[in-house]
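Student: I'd like to learn how to read a structure feature by feature. Could you walk me through one?

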Amino acid sequence: MLVSCPNCGPREVPELRCAGETTARPTSTPTVRELNEYVYFRRNVWGTQREWWFCRTCEDWFLAERDTYTNEVEKTWHPGRRHDAARPPGR
């Protein structure tokens with residue numbers, strides 16, 4: 001499986017690390033329940049999900065949208081940039 005790092009281009013999965021789906025950080029001081037939900041619970045959707053990935057080659061974090069059914073990475077981008085201008089995988 002190839003995933004396109006925004007810095008390095010297409011990489012084999014062993015060169016990367018998927019850190020799981022993105023979550024919304026609590027905006028104020030969370031209750032114990034809210035903190036537990038933030039730390040331990042994930043939506044785990046069937047379909048397209050947004051995930052954090054780490055490239056071991058350039059040692060940089062990036063975001064990706066991956067279809068959990070087909071395991072196809074649809075696009076990748078740097079967190080500080082707009083994802084609609086993202087480079088499609090394999091380019």
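Student: Which residue forms a salt bridge with arginine 33?

Tutor: Keep in mind that this is a predicted model. To read a salt bridge, look for a side-chain nitrogen of Lys or Arg within 4 Å of a carboxyl oxygen of Asp or Glu. Here the partner of arginine 33 is glutamate 37, with 3.3 Å between the closest N and O atoms. Both residues belong to helix α1, and they are four residues apart, about one turn of the helix.

Student: Are arginine 33 and glutamate 37 buried or exposed?

Tutor: The general idea is to compare the relative accessible area with two cut-offs: under 20% is buried, over 50% is exposed, and the rest is partly exposed. Arginine 33 counts as exposed because its relative accessible area is 62%. Glutamate 37 has 35%, so glutamate 37 is partly exposed.

Student: How many salt bridges does the structure hold?

Tutor: There are five. Some of them share a residue: Arg50, Glu65 and Lys75 are linked in a network.

Student: Which distances belong to the two bridges of glutamate 65, to arginine 50 and to lysine 75?

Tutor: Take them one by one. Glutamate 65 and arginine 50 meet at 3.0 Å, N to O. This pair links distant parts of the chain, with glutamate 65 in strand β5 and arginine 50 in strand β4, 15 residues apart. The bridge between lysine 75 and glutamate 65 is 4.0 Å, N to O. That pair also links distant parts of the chain, here strand β6 (residues 73-77) and strand β5, with the two positions ten residues apart in numbering.

Student: And how does burial look across the network?

Tutor: Glutamate 65 is buried, because its relative accessibility is 13%. Arginine 50, at 33%, is partly exposed, and lysine 75, at 23%, is partly exposed as well.

Student: Let's step back. Which pattern do the helix and strands follow along the sequence?

Tutor: For an overview, count the elements and then read their order. The chain has one helix and six strands, and the order along the sequence is β-β-β-α-β-β-β. A second overview is the share of contacts between residues far apart in sequence. Among contacts between residues at least 6 apart, 43% join residues at least 24 apart.

Student: What fraction of the chain is buried?

Tutor: Of the 91 residues, 26% are buried. For the surface as a whole, the accessible area comes to about 6,400 Å², and 49% of that belongs to carbon and sulfur atoms.

Student: Which residues make up the largest nonpolar core?

Tutor: Reading a core means following buried nonpolar residues joined through their side chains. In this model the largest one has eight residues: Val3, Cys5, Leu16, Trp53, Cys55, Phe62, Ala64 and Val73. Strands β1 (2-5), β4 and β5 (60-67) each supply at least two residues of this core.

Student: Could we zoom in on one core residue?

Tutor: Let's take leucine 16, which is in strand β3 (residues 16-21). Its relative accessible area is 4%, so leucine 16 is buried. Leaving aside neighbours within four places in sequence, leucine 16 is in contact with Val3, Arg11, Trp53, Phe54, Cys55, Arg56 and Phe62. For a view of the backbone, the C-alpha atoms of leucine 16 and tryptophan 61 are 9.7 Å apart, although 45 residues separate the two along the chain.

Student: Why does glutamate 51 count as buried?

Tutor: Glutamate 51 counts as buried because its relative accessible area is 1%. With a buried charged residue, a good next step is to look for polar partners. Glutamate 51 sits in strand β4 (residues 48-55), and its side chain makes polar contacts with the side chains of glutamine 49 at 2.9 Å and arginine 66 at 2.7 Å. Its contacts beyond four places in sequence include Cys18, Gly20, Thr22, Phe62 and Leu63.

Student: Where is there a nonpolar patch on the surface?

Tutor: Here you look for accessible nonpolar side chains that lie together. Leu35, Val39, Tyr40 and Phe41 make a patch of about 450 Å². One of them, leucine 35, lies in helix α1 (residues 32-40). Leucine 35 is partly exposed because its relative accessibility is 42%.

Terms used. Residues are numbered from 1 along each chain as its sequence is written. This is a predicted model: local features need pLDDT of at least 70, side-chain atom pairs count only at pLDDT 80 or more; totals for chains, interfaces and linings use all residues. Side-chain values use heavy atoms; hydrogens and water are left out. Patches are made of residues with over 30% relative accessible area and no salt bridge: like charges are joined within 9 Å, nonpolar side chains (Val, Leu, Ile, Met, Phe, Trp, Tyr) within 5 Å. Accessible areas come from the Shrake-Rupley method with a 1.4 Å probe; for residues, only the protein chains shown count as cover. Buried means under 20% relative accessible area, exposed over 50%, partly exposed in between (1.4 Å probe, protein chains only). A polar contact is a pair of N or O atoms within 3.5 Å; within protein, one must be able to donate a hydrogen and the other to accept it, and residues adjacent in sequence count only if both atoms are side-chain atoms. Contact means heavy atoms within 4.5 Å. A nonpolar core is a set of buried Ala, Val, Leu, Ile, Met, Phe, Trp, Tyr and Cys residues joined through side-chain atoms within 4.5 Å.
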